[in-house]
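Q: I should like to learn how to read a ligand site and the ionic pairs of a protein model. Could we work through an example together?

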Amino acid sequence: MPRSPLARDITDDEIRTFDEDGVVCLRGFFSEQWIKDMRNAAEDCLQRPGDLHAELASERGEVGRFFHDTFIWLRNEACRRFVFESPAAQIAACLMQSQKINLFFDQWLIKEPGTATKTPWHHDMTYWPIDGFQICTLWLALDPVTAESGAVEYVKGSHRWGQKFRPASFGSGSQYTEDIPEVPDIDTMRGELEIAQFNLEPGDCTVHHGLLVHAAPGNLTSSTRRRAHTSRWAGDDVTFFPRDGLQEMPPIPPELQSGDPIDSDLWPRIVG
Ligand SMILES: O=C(O)CCC(=O)C(=O)O
């Protein structure tokens, strides 16, 4: 399938920022047409959620709606086109300096106005049955995003702490059982850390590393929706690493063995 060319080259500065800080904000790479198509896809999925969706505010007994769903590309045509044809995979390849890129999965993280639910401090890698360092998430804003409406906060440089933390549940689940330390109490450490948070316009995105510690406030006081589509991308060094007590996923292709590259129908190669 044809992929949209990048609106401009990713600069050396942006590659360095992603490498050193673990997060970079990129503006203007996604056209108005992508925003329109993905907004329509969001409405479709909010009305017809998939088997892996969750209503996280309700699960926590909190006000508002925090909608989460994953592997949407498998059933929604616009999301399928987005992961195969939008600039997202190419951006991931450039930032991670990777020859090949596999889609790991895509996800909605939608916080409607009046939602109290915060996203807990966590990093992504330990939720997933993979190993390696070249893994990132592209978080695409479909609405204007501010601290008030739930802009994600990122602890700069935490992807290089050399530590893996036990996943924190976004809802009421308790499936995360891996015997590794919990994320430290970042809120009490704010004075010692550098924390990045970006105001975004629709079509802007952030790209963060799979080991970067991050969290997000609720969307309690703004009157703006916070519809985000995330796509998770794996590079050259990522291999299959199954463990117990991880994020729920569709059935994993039986041919994959621990230590294999993840190329498969579930995790298709998009670049390279
Ligand atoms: O959007 C959020 O609330 C959290 C984002 C996040 O955890 C992620 O993209 O990995």
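A: Let us begin with the surroundings of the ligand, bearing in mind that this is a predicted model.

Q: Which residues come nearest to the ligand?

A: A residue counts as near when one of its heavy atoms lies within 4 Å of the molecule. Here 15 residues surround the ligand, and Thr119, Trp139, His214, Arg226 and Arg232 come nearest.

Q: How many residues of each class does the shell around the ligand have?

A: The shell comprises 5 nonpolar, 6 polar and 4 charged residues.

Q: Which strands each supply at least two residues of the shell?

A: The strands that do so are β4 (101-111), β5 (119-122), β7 (135-141), β11 (214-216) and β12 (226-234). The most is given by β12, with 3 residues.

Q: Which side chains have an N or O atom at a short listed distance from an oxygen atom of the ligand?

A: A polar contact requires a pair of N or O atoms within 3.5 Å. For the side chain of Arg232, the distance from an N or O atom to a ligand oxygen is 2.8 Å. For Trp139, the corresponding side-chain distance is 2.9 Å, and for His122 it is 3.0 Å.

Q: How much of the ligand does the protein bury?

A: Taken alone, the ligand exposes 300 Å², of which the protein buries 100%. The space that the ligand takes is the largest cavity.

Q: How many salt bridges does the structure hold?

A: A salt bridge pairs a side-chain nitrogen of Lys or Arg with a carboxyl oxygen of Asp or Glu within 4 Å. The structure holds 23 of them. One of these joins Arg81 to Asp37, with the closest N and O atoms 2.7 Å apart.

Q: Which parts of the chain does this pair link?

A: Arg81 belongs to helix α4 (residues 77-85) and Asp37 to helix α2 (residues 32-47). The two residues are 44 residues apart, and their pairing links distant parts of the chain.

Note on methods
Residues are numbered from 1 along each chain as its sequence is written. This is a predicted model: local features need pLDDT of at least 70, side-chain atom pairs count only at pLDDT 80 or more; totals for chains, interfaces and linings use all residues. Side-chain values use heavy atoms; hydrogens and water are left out. A polar contact is a pair of N or O atoms within 3.5 Å; within protein, one must be able to donate a hydrogen and the other to accept it, and residues adjacent in sequence count only if both atoms are side-chain atoms. Accessible areas come from the Shrake-Rupley method with a 1.4 Å probe; for residues, only the protein chains shown count as cover. On a 1 Å grid over the protein atoms alone, a cavity is a set of points where a 1.4 Å probe fits but cannot get out, and a pocket is an open set with protein on both sides within 12 Å along at least five of seven lines; lining residues have an atom within 4 Å of a point. A molecule sits in a cavity or pocket if more than half of its atoms lie within 2 Å of its grid points. Helices (H or I, at least four residues) and strands (E, at least two) are DSSP runs, numbered from the N terminus. Ala, Val, Leu, Ile, Met, Phe, Trp, Tyr, Cys and Pro count as nonpolar, Asp, Glu, Lys and Arg as charged, and the others, Gly among them, as polar.
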